[in-house]
Amino acid sequence: MDPALVHHYFGTKEQIFGAAIEISFAPALSLPDLVAAGGAGGVDGMGERVARLMLQIWENPATRDPLLAIVRSAVSNETAAAVFRGLVSRRVLARLAGGLDMPDADFRVQLAASQLVGIVMLRYIVKVEPLASADPDDVVAMVAPTLQRYLTAEDVRPKRS
């Protein structure tokens, strides 16, 4: 195959990488639908629904393996990180925040995402025990209240003195 054909149809390396990320990351793109308009069940149980969906995505080898490659690329290559950051910011975090009818929605969503990224890093990338082998339902039960607080508590920002 001629490299010119690849560039003609798919663009730059960054555009090809972005398309590959988007395809691999497709299951996580449904996260905003859980929050938009309160999702099924409204705001009650939102933390659990978000945690459960993320763990289902990462527990499934068909979705986990491509995501592992993406995350590893993003933490070791600035270009990959920029492409990944753009996709996550636009397609997941911004949509989540837009569907969250709360003050500081962007901040809240980023706090929740930081919790989930930490779990992904420790459980699936670094494989720190006992988290790496914990039952997914136990992980959901432990993290869901924190996600719920981040996403729906009256005020997540500390009072300044």
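Trainee: Why is Arg-123 called buried?

Mentor: In this predicted model, Arg-123 has a relative accessibility of 4%. The cut-off for buried is under 20%, so Arg-123 at 4% counts as buried.

Trainee: What makes the contact between the side chains of Arg-123 and Glu-59 a salt bridge?

Mentor: The distance from N to O is 2.8 Å. A salt bridge needs a side-chain nitrogen of Lys or Arg within 4 Å of a carboxyl oxygen of Asp or Glu, and 2.8 Å between Arg-123 and Glu-59 meets that, so the pair qualifies. Arg-123 lies in helix 7 (residues 105-125) and Glu-59 in helix 4, 64 residues apart, which makes this a link between distant parts of the chain.

Trainee: Why does Glu-59 count as partly exposed?

Mentor: Glu-59 has 30% relative accessibility. Buried is under 20% and exposed is over 50%; 30% falls in between, so Glu-59 is partly exposed.

Trainee: How do you know that Arg-52 and Glu-48 are about one helical turn apart?

Mentor: Both sit in helix 4 (residues 46-59), and they are 4 residues apart, which means a separation of about one helical turn. Their side chains form a salt bridge at 3.0 Å, N to O. Arg-52 is at 27% relative accessibility and Glu-48 at 39%, so both are partly exposed.

Trainee: Which other residue is joined with Glu-48 and Arg-52 into one network?

Mentor: After those two, take Glu-78 and Arg-85, whose closest N and O atoms are 3.1 Å apart in a salt bridge. Glu-78 is exposed at 54%, whereas Arg-85 is partly exposed at 44%. As for the network, Asp-137 is joined with Glu-48 and Arg-52 through salt bridges that share partners. The structure holds 4 salt bridges.

Trainee: How do you know that Arg-64 has no salt bridge?

Mentor: The nearest side chain of opposite charge to Arg-64 is that of Asp-65, 4.1 Å away. The limit is 4 Å, so the Asp-65 side chain at 4.1 Å does not qualify. Arg-64 is nonetheless buried. Arg-64 belongs to helix 5 (residues 61-76), and beyond its neighbours within four places in sequence it is in contact with Ile-57, Trp-58, Glu-59 and Tyr-124.

Trainee: What puts the buried residues of helix 7 on the same side?

Mentor: Among the buried residues of helix 7 are Ala-105, Val-109, Leu-116, Arg-123 and Tyr-124. The buried residues cover an arc of only 125 degrees around the axis, and therefore lie on the same side of helix 7. The face turned away from that side carries the exposed residues Asp-106 and Gln-110. Helix 4, helix 5, helix 6 (78-98) and helix 8 are included in what covers the buried residues of helix 7.

Trainee: How does the reach of helix 7 compare with the 30 Å expected?

Mentor: Helix 7 has 21 residues and reaches 28 Å from its first C-alpha to its last, close to the 30 Å expected at 1.5 Å a residue. Just after helix 7, Lys-127 has a positive phi of about 60 degrees.

Trainee: Which elements have the lowest and the highest mean pLDDT?

Mentor: Helix 3 (residues 31-35) has the lowest, 64, and helix 8 (residues 136-152) the highest, 95. Over the protein chain the average pLDDT is 81, and 73% of the residues score at least 70.

Methods
Residues are numbered from 1 along each chain as its sequence is written. This is a predicted model: local features need pLDDT of at least 70, side-chain atom pairs count only at pLDDT 80 or more; totals for chains, interfaces and linings use all residues. Side-chain values use heavy atoms; hydrogens and water are left out. Helices (H or I, at least four residues) and strands (E, at least two) are DSSP runs, numbered from the N terminus. Buried means under 20% relative accessible area, exposed over 50%, partly exposed in between (1.4 Å probe, protein chains only). pLDDT is the predictor's confidence in each residue, from 0 to 100. Lys and Arg count as positive and Asp and Glu as negative; His and the chain ends are not counted. Contact means heavy atoms within 4.5 Å. The expected span of a helix is 1.5 Å times one less than its number of residues. The arc is that of the directions from the helix axis to the C-beta atoms.
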